[in-house]
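This report describes one protein model, moving between individual helices, strands and residues. Please keep the sequence and the coordinates at hand while reading.

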Amino acid sequence: MRFCDVSEAAAYPLGRDVKTKLKLQYGITGGITVLLSTEKPTCKLVPVPDPDANPLDYQIVPNFRVRTIPVLGTTPAAFGMAAAGYILCRLSGRPPLQSEPIFMLNGKQYGEQLELLREREGERWGDKCPPCPLDLDDVTYMLRELWRGMSATNMKQEVYPGAQKGLMRSTNNLVFTRWDASKIATVDNMVLLNVEEADEHGATTLEGVLLNVVEADEHGATTLEGVLLNVEEADEHDATTLEEVKKNKPEFYKYVESMLDCARRQHYY
């Protein structure tokens with residue numbers, strides 16, 4: 001079972017039918033979460049033994065399809081419980097349940113994202129910070145499982161036309177950047193954006209941040225302490241800190257914070 005946006009479901013027959021009907025009848029192309037199975041059917045429709053029989057006699061319940069595929073009795077209950085869990089998480093304000101992604105990425109995409117991340121860190125921070133602590137496993141988790149190969153600004157995780165071919169998703173023009181410039185690059189402080197968004201966000205949160213890297217504990221961990229914000233007088237057009245993001249884009253800020261909290265819980269706790 002997989003949770004995904006209906007725009008991702010075209011690779012599966014039932015999902016494709018639902019997506020087509022939503023588009024034709026309501027003009028909806030995405031933004032609706034669906035729960036589907038990636039398992040291929042192993043049985044055909046239940047046959048009608050008597051061609052002269054009344055088809056309605058083969059309905060399980062009124063107004064239900066006449067011929068069905070045999071289903072293990074516990075499967076509908078499992079789907080119902082999964083759907084209920086998803087709804088409860090949404091109602092409670094917690095990050096929604098995230099299943100294994102249905103799309104695929106190749107090793108080259110992960111490697112390219114890691115190189116872009118290291119280049120970006122070097123260009124922005126140089127020798128003011130320790131070497132980037134993130135490795136290929138971290139990038140794999142962030143790119144595929146956490147951000148689902150999409151910009152964080154795409155809060156509905158809707159697949160736009162041309163962004164996916166079959167089950168393969170394009171990650172061109174996407175880069176990781178620090179969410180909070182005053183903290184080091186960690187799994188719970190990296191956000192995936194397109195290049196333009198990342199540059200804008202970097203200009204917003206990097207302004208006036210001075211870093212003082214010190215040796216931390218006996219294990220040789222390195223932390224950032226004594227972070228000093230030196231914000232010069234700025235007018236209404238000059239964003240200076242992460243607080244500006246919170247003020248100007250509250251929904252985006254809340255969404256990213258919830259996703260990073262999810263990463264924190266999954267990765268460190």
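Which residues of H7 are buried? In this predicted model, the buried residues of H7 are Phe-252, Tyr-253, Tyr-255, Val-256, Met-259, Leu-260, Asp-261, Cys-262 and Ala-263. Helix H7 covers residues 250–268, and its 19 residues reach 26 Å from the first C-alpha to the last, close to the 27 Å expected at 1.5 Å a residue. The packing partners of its buried residues are helix H4 (136–146), helix H6 (242–248) and E6.

**Overall composition**

The protein contains seven helices and eight strands, and 35% of its 269 residues count as buried. About 16800 Å² is exposed, with carbon and sulfur atoms supplying 55% of that area. Among contacts between residues at least 6 apart in sequence, 66% join residues that are at least 24 apart.

**Strand E5 and its surroundings**

Strand E5 (residues 174–178) is largely enclosed by the rest of the structure, because five of its five residues are buried. Leu-174, Phe-176 and Arg-178 point one way from E5, whereas Val-175 and Thr-177 point the other way. E5 pairs with strand E6 (residues 190–194) in the antiparallel sense over five bridges, and within this pairing Val-175 stands opposite Leu-193 of E6.

Arg-120, which lies in helix H3 (residues 107–125), touches three residues of this strand, Val-175, Phe-176 and Thr-177, as well as Ala-198 and Asp-199, when residues up to four places away in sequence are not counted. The side chain of Arg-120 also reaches the backbone oxygen of Ala-198 at 3.1 Å. Arg-120 counts as buried because its relative accessibility, 11%, is under the 20% cut-off.

**Two residues with positive phi**

Arg-148 has a positive phi although it is not a glycine, and the same description applies to Asn-173. Their values and locations are set out below.

| Residue | Phi | Relative accessibility | Loop |
|---|---|---|---|
| Arg-148 | about 55 degrees | 7% | between H4 and strand E3 (164–165) |
| Asn-173 | about 70 degrees | 42% | between strand E4 (168–169) and E5 |

Why does Arg-148 count as buried? Its relative accessible area of 7% is under 20%, so Arg-148 falls in the buried class. Asn-173, by contrast, counts as partly exposed at 42% relative accessibility, and the loop that holds Asn-173 leads from E4 to E5.

How values were computed. Residues are numbered from 1 along each chain as its sequence is written. This is a predicted model: local features need pLDDT of at least 70, side-chain atom pairs count only at pLDDT 80 or more; totals for chains, interfaces and linings use all residues. Side-chain values use heavy atoms; hydrogens and water are left out. Helices (H or I, at least four residues) and strands (E, at least two) are DSSP runs, numbered from the N terminus. Buried means under 20% relative accessible area, exposed over 50%, partly exposed in between (1.4 Å probe, protein chains only). Contact means heavy atoms within 4.5 Å. Accessible areas come from the Shrake-Rupley method with a 1.4 Å probe; for residues, only the protein chains shown count as cover. A polar contact is a pair of N or O atoms within 3.5 Å; within protein, one must be able to donate a hydrogen and the other to accept it, and residues adjacent in sequence count only if both atoms are side-chain atoms. Two strands pair if DSSP finds at least two bridges between them. The expected span of a helix is 1.5 Å times one less than its number of residues.
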